[in-house]
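Biologist: Could you take me through one part of this model up close? I'd love to see how the strands pair there, and then how that part sits in the wider picture.

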Protein chains: 2
Amino acid sequence: MAGPVSAPADAERAALSAQELAEGYRLACQTYARGDCKLRVLPESLTALQRAQVEGLAPMVPTEPLVSTYQVTLAPPSIADPRSDDLRLQEALRLQHGVESHGIDIEVLRRLSPQLRTPDWQKQASVRAGEVIAVSPWRGRSLGLAVDLGTTKIAGYLVDLQSGQTLAARGIMNPQIAYGEDVVSRIALALKGIAEAARLRELAAGALNQLADELCAEVDRGPETIFETVVVGNTAMHHLLLGLPVAQLAFAPYVPVVRQALDIKARDIGLRIAPGAYVHLLPNIAGFVGADHVAMLLATGVAQAADVTLALDIGTNTEICLIQSGKMTSVSCASGPAFEGAHIRHGMRAASGAIERLQLDGDRVTYQTIGGRPPAGLCGSGILDAIAQLYLAGVLDRRGTLREHPRTRGHGARREFVLVDEAEGDGRPAIAITQHDVREIQLAKAAIRTGVDLLLARYGLAATAIEQVIIAGAFGTYLDVSSAVAIGMLPQLPRERFRQVGNAAGAGARLALVSQSQRAEARLIGERVNYLELAADPQFSSTFTQATWLG
Amino acid sequence: MAGPVSAPADAERAALSAQELAEGYRLACQTYARGDCKLRVLPESLTALQRAQVEGLAPMVPTEPLVSTYQVTLAPPSIADPRSDDLRLQEALRLQHGVESHGIDIEVLRRLSPQLRTPDWQKQASVRAGEVIAVSPWRGRSLGLAVDLGTTKIAGYLVDLQSGQTLAARGIMNPQIAYGEDVVSRIALALKGIAEAARLRELAAGALNQLADELCAEVDRGPETIFETVVVGNTAMHHLLLGLPVAQLAFAPYVPVVRQALDIKARDIGLRIAPGAYVHLLPNIAGFVGADHVAMLLATGVAQAADVTLALDIGTNTEICLIQSGKMTSVSCASGPAFEGAHIRHGMRAASGAIERLQLDGDRVTYQTIGGRPPAGLCGSGILDAIAQLYLAGVLDRRGTLREHPRTRGHGARREFVLVDEAEGDGRPAIAITQHDVREIQLAKAAIRTGVDLLLARYGLAATAIEQVIIAGAFGTYLDVSSAVAIGMLPQLPRERFRQVGNAAGAGARLALVSQSQRAEARLIGERVNYLELAADPQFSSTFTQATWLG
């Protein structure tokens, strides 16, 4: 920051050190320009489009989509054959394809007569469970959209419903993030009033429309060629998208309005795809264990696991399921946004320039950044590595206190460990891990480990009984398992028992999109999974306190 | 008209006689006020609320409504029982009533959580074909709405779905009438553009909402307590209400978009009743034989008739069905609005003061008016009586020419027969039948008779083979059958073969509302009825020409 600006406000003096203020660091929300200024936004503060979290499992199943599309050739009406347009179409489906349809969606009917007559009577009709949901010119390919609606990111997949092939994939930021980075702040906003809830709903629907438009543009189509959509997301995102009440999600016992799977007309949630198309939402499990968790369990196939299996989807909220002999129990842990780089001094999202791997050899720090760019900050996996390396090197003790080291500076709560100093970073500011950062990570990892331990206790199992650990989610894809084990976030188990599967929720959404059996399986998972409320467990606080210790 | 106004325009000189102009008659659409004026609107020009056409058949059937309502008592959620609201409700339905529901409408879900919690957990749930379409405080009675959506009038019936009892009935004018009195002018308007079609659709939906509000107010309810609606109407009214395209209705071969019965969410047509409620529309037969005709056939039970039966619903458009041994064929006749008093010099709707019965004894005319009020004009049945009496008295010859008579005045095409002279009418103007009026009635009755005769010809039957004639509709309720037979509108048959059944379409809508079997029967009727296109019959014009003759 250079140029005439307002004097530092109290909030800035509290948030920033004297040195930072001296170096020109200011809070954008507190500073007024008094003339022409020059300011520099730190890379870690930019909401740059981060690494798209669209990769992951791509398990193939035989396709059996709910929507099938048939080419029909109709005879034009005449005085001798004045059949109505609806019966003319349905009779053609019956005679030309043996397909019985019991009805035609009203929005399809509203377009039917001009559609049939322009330019000729050769059309395709898309039928879903006996209902005609679209009539269109012959295009040859039926498209479906699978969406993983995350609190931070939204991943969309455009899928060929016949082949099951993913034609295009894209990740965008959830625009609701402007109103709070976690589900609790979004719920709090929705509770302020009808307009606020409607705003969040519109933002979610708008983002889905944007994804549909962009993905279709990649294959030279319009979004009206999407005949079915499957959406998964955590329970809050699910409810906010559908316009469901969230007050009861905010307070114990955190009850969702909807647990079961839903089929809703896309128009009823403001999604502009084929006129009569549906959105299918996989079932939720509980207020903080949503359809994305069910999708993850579906995609990883753990419901059928013969081995004792632990499946985690790590995020701002981490859902964990323990499976033993068909018994499935899930918990939700408030792990917070630290692993997404938030509330960490030099934390940033997993965008270009983020340190994603880090090693400490004596006094020397080596690291790897996303895109090989100069280091701008630390993303989740980099932070995890840093804590693990500091702990293994003895710079951090089990309580998480930073000891004296040639790379530390400051004292007590102000102490920090410099990972990249000013000289290394092309004149950029230093990148450090602060004592406060360590505390944030301790809380985050303790939340996860508490969930694991209480699940094991409920089953009467020791950690060593776990034969398979499946780690899903954006952060889970890139984290170094050894680091996670080193700090005690995950139990000490042989490395080969761990499997990192990427965006399994998105994969589950795609499976449910192309396969009716997979959709039925997801319903079954939704019914079978038991939910364990951690906060109600009498061992919760003692387990959590112990889990904050490193190692 | 008194006071300074513009000079008579050409249009007025063409439409009004010199005498009428001298008496101060003017056309409101052509005259400008030049200062303070006093004007008198003739009673026959007022669109006064006419006799409500809500009476008619009220056949009782065992009720078996599609929507059933169940009282449930739910346990409030707790940490020990954090079931979602949807499953909590559905499990209560299962355990307390043995009712399996497969889903809950999205609009019900959007209100569910506050609804369940306010003020307590005692609610009623309305279930339709396994779908929960409403959750509300316990009210004890389930309401349904049956609507006969006519071109001119809309009749609404609020029905108790359990008892089948009609709790309130009401008739209102179709507000679309401001845009044209017949279906052709409405279709022409809808074809002008999207805004015009939307306007007609909004007017129809608005009228239905008004009816729902007013009927519910009569029983101290709100319209959200209506759990199902059945609408019948002619094909054009049906299409305009649903927002379906009508271009193909306007030109041969006059193809409807929809022939089959429809179940549409009420919200998808802008009807504000229970949040998840449906509107059911009975099937149409053809472009000019609509769901109201099917409803009439349902209510009169003629589909099962053992006798050769002719069933007519007389209106601006007259639909006629001939039934023999289960074979049903229907035609549509453009009978025009003459029997509704339009295009008749002193014609008026069947409102207070309209002459509805009339007899001629030599020079003496006796008559009966609606409500016993001083005569203001002639409604349909009065006009029919007048023509029949003039024909029987020999004042009209078979060609329809008015002969000289002490009560005639004027010559040639300007000749008129004075029914009520100025002296009789409390100083009101005379009421007469003009030569032009006779021509209008000849065309109207010829249209109907042509339909009857061509149907008979198609079946190879003589008119005398008809064992039963059922006359439905507003005009059909009040017409004097002898008059209709006298002028040759209906075949010469013994009086006891005729049955006047009132608003049978409204009765059919009520049957389909309260009984699933009746609804299924209506579907069957819709599929069984053959349509005969009169205009395509080679005998049409010769038959029509002959049918214009009186007697």
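**A small sheet, and what lies beyond it**

Modeller: Happy to! Let's start with one pair of residues in this predicted model: A:R409 stands opposite A:E416, a residue of β18(A). Strand β17(A) and strand β18 (residues 416-420) of chain A run antiparallel and are joined by 2 bridges. Widen the view a little and you have an open sheet of 3 strands in chain A, ordered β17-β18-β19, with antiparallel pairing. The edges are taken by β17 (408-409) and β19 (431-434) of chain A; each has a single partner strand, so one side of each lacks a neighbour in the sheet.

Further along chain A, there is a helix pair to look at. Helix α14 (residues 504-514) packs against helix α15 (residues 516-528) of chain A at an angle of about 125°, and their axes are 5 Å apart. That angle makes α14(A) oblique to α15(A). The contact involves A:L511, A:A512, A:L513 and A:V514 from α14(A), and A:Q516, A:Q518 and A:R519 from α15(A). By character, these contact residues are 4 nonpolar, 2 polar and 1 charged. The crossing of α14(A) past α15(A) is left-handed.

Finally, the two copies. A turn of 180° with a shift of 0.0 Å along the axis lays chain B on chain A with an RMSD of 0.1 Å. The copies are therefore related as by a two-fold rotation axis. In chain B, B:D268 has the C-alpha nearest that axis, 4.7 Å from it. Of the interface residues of chain B, 100% are also interface residues in chain A, so the copies meet through the same surface.

Terms used: Residues are numbered from 1 along each chain as its sequence is written. Chains are lettered from A and ligands numbered from 1 in the order in which they are written. This is a predicted model: local features need pLDDT of at least 70, side-chain atom pairs count only at pLDDT 80 or more; totals for chains, interfaces and linings use all residues. Side-chain values use heavy atoms; hydrogens and water are left out. Axes are lines fitted to C-alpha atoms, for helices over the stretch in contact, and angles run from 0 to 180 degrees between N-to-C directions. Helices (H or I, at least four residues) and strands (E, at least two) are DSSP runs, numbered from the N terminus. Angles under 35 degrees count as roughly parallel, over 145 as roughly antiparallel, 65 to 115 as roughly perpendicular and the rest as oblique. A crossing is left-handed if the near helix is turned anticlockwise from the far one by less than a right angle, and right-handed if clockwise. Contact means heavy atoms within 4.5 Å. Ala, Val, Leu, Ile, Met, Phe, Trp, Tyr, Cys and Pro count as nonpolar, Asp, Glu, Lys and Arg as charged, and the others, Gly among them, as polar. Two strands pair if DSSP finds at least two bridges between them. Copies are superposed by least squares on the C-alpha atoms of residues with pLDDT of at least 70 in both.
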